[in-house]
Amino acid sequence: MPGMTAIEKILARNAGVDRMRPGDLAVVRVGCAVLYDNNLIPSNWRRLTKVFDPDRIVVVFDHRVPAKDVITATAHQTGRDFVRQFGIKRFHDVGPNQGICHVLVADHGYAIPGEVLVCGDSHTCSAGVFNCAARGTGSPDMLYAAAKGETWFRVGGTVRYELEGELQDDVSTKDVFLHIADTYGDHATMNVEYGGPALATLSINARRTLSTMSAELSAEFATFEPDDVMLDYVRERNPGLEFEPQYPDADASYADVRTVDLYAIEPQVALPDSVLNNSKPVGAVAGTRIDQAFIGSCANGTLDDLAVAAKVLKGRRVADSVRLIVTPGSQNIYRDALRAGHIETLMDAGAVVTNSTCGACGGGNLGILAPGETCITASTRNFKGRMGSAEARIYMASPATVAASAVEGAIADPREVLARTPGGAAS
Amino acid sequence: MILSGKTWKFGDNINTDLILPGRAQWFTEEEQMACVFEANRPGWIHEIAPGDIIVGGQNFGMGSSRPAARSLRNLKLACLVADSINGLFFRNCVNWGFRALECPGVSAAFEEGDLAAISFDDFTVRNQRTGKTLQAAPVPPSLLATMEAGGVIPLLEKEGLIEEAV
């Protein structure tokens with residue numbers, strides 16, 4: 001009998017069985033349940049009478065913070081009551097520890113290798129970077145998981161991505177993702193597993209862009225093979241904690257194994273409405289005029305993303321016709337970026353830097369698009385109507401490409417913008 | 001259980017922003033129903049009748065975790081049958097109590113308006129016009145039971161784990 005993939009092993013372990021195979025139904029214990037403000041909306045929430053373990057529950061307000069209206073404020077109030085009711089310590093209210101749930105899960109080390117993490121937001125696969133079975137669920141799922149400490153998954157086949165080579169300058173894992181989504185389309189009912197020699201060249205932040213964006217492949221789980229960089233990161237945030245990372249078996253059975261040469265990838269841009277089979281190298285759409293540019297979200301609000309944006313905007317100006325909105329992934333990242341000088345650089349260039357929130361990514365509390373407008377975004381989704389009007393067009397690209405486009409007033413190749421001396425002709 | 005109804009066809013990769021736009025996420029359930037498919041099929045909610053059936057293509061319900069399945073249930077649609085259903089959307093169908101089946105080839109086997117007869121006993125999908133019957137993927141018994149019980153909310157209520165709605 002062939003071996004198991006990383007996700008099959010994690011699910012088997014948490015279901016208390018020896019094997020897990022595509023087609024199985026996995027009923028598993030939950031290591032961490034993350035609730036966020038959308039779960040707390042009056043129409044979604046029910047007051048719980050018990051929780052399985054208050055120390056394994058995280059509560060985050062991120063989609064609409066600070067509260068934008070009475071319903072939002074009511075949801076936040078419900079969350080504060082819930083936190084008090086059960087003495088939950090991992091609570092991220094509006095304030096210094098505010099941030100986007102997936103960013104906080106990573107930065108605080110809430111995702112433990114070999115365990116199961118569920119959250120009511122679809123980009124929960126983000127935590128797969130920590131070799132965790134992390135999946136987005138719905139609001140009723142979260143009530144169930146919080147009460148019982150248990151959930152279920154249908155087990156699908158696994159596609160393995162073997163990453164090789166090294167990224168070229170000013171190309172990022174966002175471009176790698178867009179390349180994969182363009183080449184292979186959706187992975188509905190399937191899992192993706194990332195591994196290979198290039199892993200060692202990628203930071204946790206860079207890997208997390210890839211795992212987070214895997215929600216857009218419609219993947220069930222996106223799981224990274226463990227390595228020392230990741231394990232040290234988790235240990236640093238959980239001193240003394242014992243855990244069991246799960247490596248794929250050497251003879252694991254994959255639905256497909258695909259090699260991606262990172263060196264061969266150039267900046268990509270997804271055309272409006274979908275990232276599936278819908279991207280082009282930036283040169284093919286360069287010159288398309290834009291009204292708004294956005295850098296943020298659980299996929300691209302890291303300190304590294306802000307640093308890249310600052311590098312492109314240093315000494316340059318956002319075009320008069322463009323609104324550039326930058327939203328850090330957490331208030332801690334915001335403070336780090338402030339200390340590093342990135343915020344000053346971005347603001348001097350004309351960007352609006354907002355407090356940490358999901359914000360413009362989902363057309364929530366800010367940065368809404370009008371009919372006929374065009375936006376280029378480094379966030380998670382470019383569905384029709386996602387960021388406001390259904391008559392707006394949303395292109396998607398890396399933070400470098402978005403920043404370069406904000407400078408040009410039109411979609412632009414960051415390598416070309418960076419090759420020119422700020423404020424002058426080509427160097 | 002056999003459900004019979006008129007079919008409405010949707011294509012591949014129908015996403016949850018289309019079923020339930022972001023701005024409607026914080027609305028009441030009643031208000032959310034009024035927004036279903038407003039961007040891609042305005043007026044559709046006034047054309048449908050209780051018991052109608054959605055026939056979808058590949059990866060129906062891709063996207064966010066929002067309670068889009070609940071809106072389809074609240075519109076009194078009988079069920080969804082699609083070539084494939086997005087994993088997150090399927091779990092929301094189970095947990096909000098909206099019947100859903102994956103049936104490869106269903107999209108090609110139906111024209112909009114055809115009558116369908118769908119069996120949740122043997123998981124077959126029959127086109128009443130053409131007489132053609134397709135085999136859908138069985139739903140695991142525990143998930144089907146939750147789906148048919150109206151989702152997990154009534155189950156949690158019964159176990160006293162959540163309070164009644166106010």
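In this predicted model, helix 9 (residues 303–313) and helix 12 (residues 399–408) of chain A pack at an angle of about 30°, and their axes lie 8 Å apart. The crossing of helix 9 of chain A with helix 12 of chain A is right-handed. On the helix 9 side, the contact draws on Asp305(A), Val308(A), Ala309(A), Val312(A) and Leu313(A). Facing them from helix 12 of chain A are Pro399(A), Ala400(A), Ala403(A), Ala404(A) and Val407(A). Sorted by character, the residues of this contact come out as nine nonpolar, no polar and one charged.

Back towards the start of chain A, helix 1 (residues 6–15) is mostly covered, with nine of its ten residues buried. Those buried residues are Ala6(A), Ile7(A), Glu8(A), Lys9(A), Ile10(A), Leu11(A), Ala12(A), Asn14(A) and Ala15(A). Glu8(A) and Lys9(A) are thus on the buried list too. Just past the end of helix 1 of chain A sits Gly16(A), which takes a positive phi of about 70°.

Chain A also holds an open sheet of five strands, ordered 4-3-2-5-6, with parallel pairing. Strand 4 (90–92) and strand 6 of chain A are the edge strands, and each pairs on one side only. On average, neighbouring strands here are turned by 15° against each other, direction ignored. Starting from the strand 4 edge, strand 3 (residues 57–60) of chain A runs parallel to strand 4 of chain A and is joined to it by three bridges. Within that pair, Val59(A) stands opposite Phe91(A).

Strand 5 of chain A has partners on both sides in the strand order. Strand 2 (residues 32–36) of chain A is linked to strand 5 of chain A by three bridges, again in parallel, and Ala33(A) has Val118(A) as its bridge partner. With strand 6 of chain A, strand 5 of chain A makes four bridges in the parallel sense; here Cys119(A) is partnered by Gly136(A). As for the side chains of strand 5 of chain A, Val116(A) and Val118(A) point one way while Leu117(A) and Cys119(A) point the other, and all are buried.

The chain then moves on to Gly120(A), in the loop between strand 5 (116–119) and strand 6 (133–136) of chain A. Gly120(A) counts as buried because 27 other C-beta atoms lie within 10 Å. Its C-alpha is 8.6 Å from that of Arg135(A), although the two residues are 15 apart in sequence. Neighbours within four places in sequence aside, the contacts of Gly120(A) in chain A include Leu35(A), Tyr36(A), Asn38(A) and Asn39(A). Thr137(A), Gly138(A), Ser139(A) and Met142(A) are further contacts of Gly120(A), and Ser65(B) joins them from the other chain.

That brings in the contact between the chains, which takes 40 residues from chain A and 36 residues from chain B. On the chain B side, the elements giving two or more residues are helix 5 (87–96) and helix 8 (152–158). Helix 5 of chain B gives the most, with six residues. By character, the side of chain B that touches chain A divides into 14 nonpolar, 17 polar and five charged residues.

Helix 5 of chain B also packs within its own chain. Its axis comes within 6 Å of that of helix 7 (residues 141–148) of chain B, and the two cross at roughly 55°, so helix 5 and helix 7 of chain B are oblique to each other. Cys93(B), Val94(B) and Asn95(B) of helix 5 of chain B meet Leu143(B), Thr146(B) and Met147(B) of helix 7 of chain B. Four of the residues in this contact are nonpolar, two are polar and none is charged.

Chain B has an open sheet as well, this one made of seven strands in the order 4-3-2-1-5-6-7, with mixed pairing. Strand 4 (100–102) and strand 7 (133–135) of chain B are at the edges with a single partner strand each, so one side of each has no neighbour in the sheet. Neighbouring strands in this sheet are turned by 30° against each other on average, direction ignored. At the strand 7 edge, strand 6 (residues 124–127) of chain B pairs with strand 7 of chain B in the antiparallel sense over three bridges. Val125(B) stands opposite Leu134(B) of strand 7 of chain B.

How values were computed:
Residues are numbered from 1 along each chain as its sequence is written. Chains are lettered from A and ligands numbered from 1 in the order in which they are written. This is a predicted model: local features need pLDDT of at least 70, side-chain atom pairs count only at pLDDT 80 or more; totals for chains, interfaces and linings use all residues. Two residues are in contact if their C-beta atoms, placed from the backbone, lie within 7 Å. Ala, Val, Leu, Ile, Met, Phe, Trp, Tyr, Cys and Pro count as nonpolar, Asp, Glu, Lys and Arg as charged, and the others, Gly among them, as polar. Axes are lines fitted to C-alpha atoms, for helices over the stretch in contact, and angles run from 0 to 180 degrees between N-to-C directions. Angles under 35 degrees count as roughly parallel, over 145 as roughly antiparallel, 65 to 115 as roughly perpendicular and the rest as oblique. A residue is buried if 20 or more other C-beta atoms lie within 10 Å of its own, exposed if 12 or fewer, and partly exposed in between; C-beta atoms are placed from the backbone. Two strands pair if DSSP finds at least two bridges between them. A crossing is left-handed if the near helix is turned anticlockwise from the far one by less than a right angle, and right-handed if clockwise.
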